[in-house]
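Please open the structure in a viewer and keep the selection tool at hand. The tour below proceeds stop by stop, naming what to select and what is found there.

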Amino acid sequence: MIKNLLFLFLLFSSQKILAQISPGELSRAHSQFEGISNCTKCHDLGSKLSDTKCIGCHKEINFQVQNKLGFHSSKYVNGKNCWQCHGEHFGRNFQLIRFDEKKFDHSVTGFELTGKHSPLACKQCHQQKNISSSEIKNRKNTFLGLDQNCNSCHQDFHQNTLGNKCEFCHNTSTFKPAISFNHDRAKFKLLGAHAKVDCIKCHLKEKRNGKDYQKFTGLNFSNCSPCHQDAHKGKFGNDCKKCHVVSGFKFVNKGSFDHDKTNYPLIAKHKLVNCDKCHKGNISVKPVFDKCFRCHEDFHKGQFTVNNLQRDCSECHQLEGYSPSTFSLEKHNNLKFALEGKHKAIDCKSCHIKETKWQFILGDVKCINCHSNVHGNEISGTFMKDDNCISCHTVDGWKIINFNHSKTKFDLTGKHKEASCKKCHIKENNLGEIKYFFSSVKSYCEYCHNDVHFNQFRDGDKTLCERCHTSSGWIPVSFDHQSTKFPLEGAHSKVECRKCHKEILEQGHKFIKFKIDEFKCSDCHS
């Protein structure tokens with residue numbers, strides 16, 4: 001009996017002493033530290049609970065605090081002791097972590113739930129497979145151990161080729177398109193027409209490690225050929241930017257493009273021509289350049305088309321300019337009309353511009369095609385057959401006359417041979433106009449010569465000059481006084497003409513009177 005009382009006393013006493021040392025049972029999470037010998041693992045001797053010892057065990061919390069990460073570095077926790085939120089000695093079933101998931105402000109963790117993250121339940125992210133920390137990996141019902149890298153929860157479709165800063169390209173609202181991506185941050189900036197190209201054109205899809213993969217890194221852009229087909233087959237090298245610009249393939253950098261490397265080097269005025277004048281519609285279009293008329297309009301409107309074949313402009317023109325023509329005198333002399341004499345110095349347009357048009361195929365080559373017929377109808381067809389002037393003129397000059405006057409009805413003899421043509425054939429009127437007379441010229445003397453005898457020897461409608469004069473001179477060598485009404489006989493034959501034939505004034509004209517009306521001796525002899 002006494003022994004039983006002693007046992008009950010000791011048992012009651014020990015429980016009272018223990019209650020004075022430990023305020024209660026530890027939670028299940030800390031149950032391994034139960035007992036007086038383990039108190040100092042959490043408490044400083046003779047003092048309160050030590051935060052230092054808490055984070056000494058909870059290294060993941062210490063890491064967050066030291067690096068100012070997560071909820072334990074927020075304004076809601078900063079400056080508080082651990083035991084103020086996580087009480088102990090309240091029994092095995094006491095919950096050390098208590099918060100309402102629906103009301104919890106996730107932004108205080110440093111990871112704000114936005115976009116498609118916002119409606120997710122906590123357990124969709126906070127689960128074992130997403131915990132990266134090995135110290136927390138096997139814990140149950142923990143919210144720790146996650147990092148903020150997207151790859152900790154999401155599959156990395158880029159297979160570690162673009163790093164772990166997914167936010168550089170994506171946001172939480174949608175994965176595609178990658179609206180946060182700025183190609184200017186890449187090594188290859190999208191300029192000009194490149195900015196309009198669909199991504200898939202350059203970033204091809206393939207299979208890698210058995211999974212769908214789109215290649216965004218490791219692309220070769222040292223030159224254009226990895227993406228663009230070389231239409232020139234390597235002829236101009238692989239540095240396309242020497243000729244082309246990113247604004248478009250049709251735009252060519254004229255300043256650096258060397259056209260001499262093409263099959264048609266640009267010479268003279270071709271250097272000044274805009275590319276699109278020859279490369280119609282597209283710079284890649286190769287124009288046919290075997291003949292000038294491939295690019296140039298036929299200015300001569302088919303005049304040099306023979307048997308449906310157009311002769312090339314290069315036969316007459318050069319690249320330095322259309323004018324002057326390179327059609328030489330030698331070439332012209334191979335034509336039907338050779339250039340001789342004065343014609344050699346004539347400008348082409350003098351013959352080949354008709355009204356306002358150039359005309360080179362002239363058909364029949366006649367003088368009057370270029371020269372005016374100043375003679376009108378004065379030259380008969382006998383001497384100007386087919387309107388050809390060569391009966392009288394030569395190509396050495398208009399003033400050089402080569403006409404055989406004997407072919408006319410008036411053969412030139414005596415002094416007439418020395419006379420200038422214009423003496424008989426050119427007249428100038430009171431207005432100073434020059435008129436030419438040929439067929440209308442009469443053959444009798446007084447048509448050209450003045451009748452100094454004032455009709456003394458006129459017979460009918462003409463004066464018979466030839467009775468006394470010849471073309472050799474005015475001396476009347478043909479005159480026979482014996483055939484007159486007063487033959488010269490005796491001493492009369494020795495008398496000078498002027499002794500009998502005196503100069504008289506009649507009707508205002510002075511002339512020598514040859515026709516004496518009466519032959520009385522007293523008229524001459526006193």
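Begin by selecting Cys 150, which is partly exposed, with a relative accessible area of 26%. The model on display is a predicted one. Next, add Cys 166 to the selection, since its sulfur is the closest cysteine sulfur to that of Cys 150, at 3.8 Å. Why are these two cysteines not bonded? A disulfide requires the two sulfur atoms to lie within 2.5 Å, and the 3.8 Å between Cys 150 and Cys 166 is therefore too far for a bond.

Move now to Cys 39, another partly exposed cysteine, with a relative accessible area of 28%. The closest cysteine sulfur to that of Cys 39 belongs to Cys 42, and the distance of 8.5 Å is again too far for a bond. How many disulfides does a search of the whole structure find? The search returns zero.

The following stops concern the backbone. Most peptide bonds are trans, and two cis bonds deserve a selection here. Select Lys 176 and Pro 177: the peptide bond from Lys 176 to Pro 177 is cis, with omega near -5 degrees. Pro 177 is found in the loop between helix H3 (59-66) and helix H4 (199-202). Then select Ser 323 and Pro 324, which are joined by a cis peptide bond with an omega of about 0 degrees. Pro 324 is placed in the loop between strand S6 (309-310) and helix H6 (329-332).

Two further stops concern phi. Most residues other than glycine have a negative phi. Select Asn 209, which is not a glycine and yet has a positive phi of about 55 degrees. Asn 209 sits in the loop between strand S1 (205-208) and strand S2 (211-214). Is Asn 209 buried or exposed? Its relative accessible area is 66%, so Asn 209 is exposed.

Continue to Glu 355, where phi is also positive, near 60 degrees, in a residue other than glycine. Glu 355 belongs to the loop between strand S7 (353-354) and strand S8 (357-358). With a relative accessible area of 80%, Glu 355 is exposed.

For the final stop, select His 375, in the loop between S8 and strand S9 (393-394). His 375 is buried, with a relative accessible area of 16%. Which residues are in contact with His 375, leaving aside its neighbours within four places in sequence? Add His 393, Tyr 436 and Phe 438 to the selection to display these contacts of His 375.

Conventions: Residues numbered from 1 in each chain as written. Predicted model: local features only at pLDDT ≥ 70, side-chain atom pairs only at ≥ 80, totals over all residues. Heavy atoms only, no water. Helix = DSSP H or I, 4+ residues; strand = E, 2+ residues; numbered from the N terminus. Buried < 20%, exposed > 50% of the residue type's maximum accessible area, 1.4 Å probe, protein only. Contact = heavy atoms within 4.5 Å.
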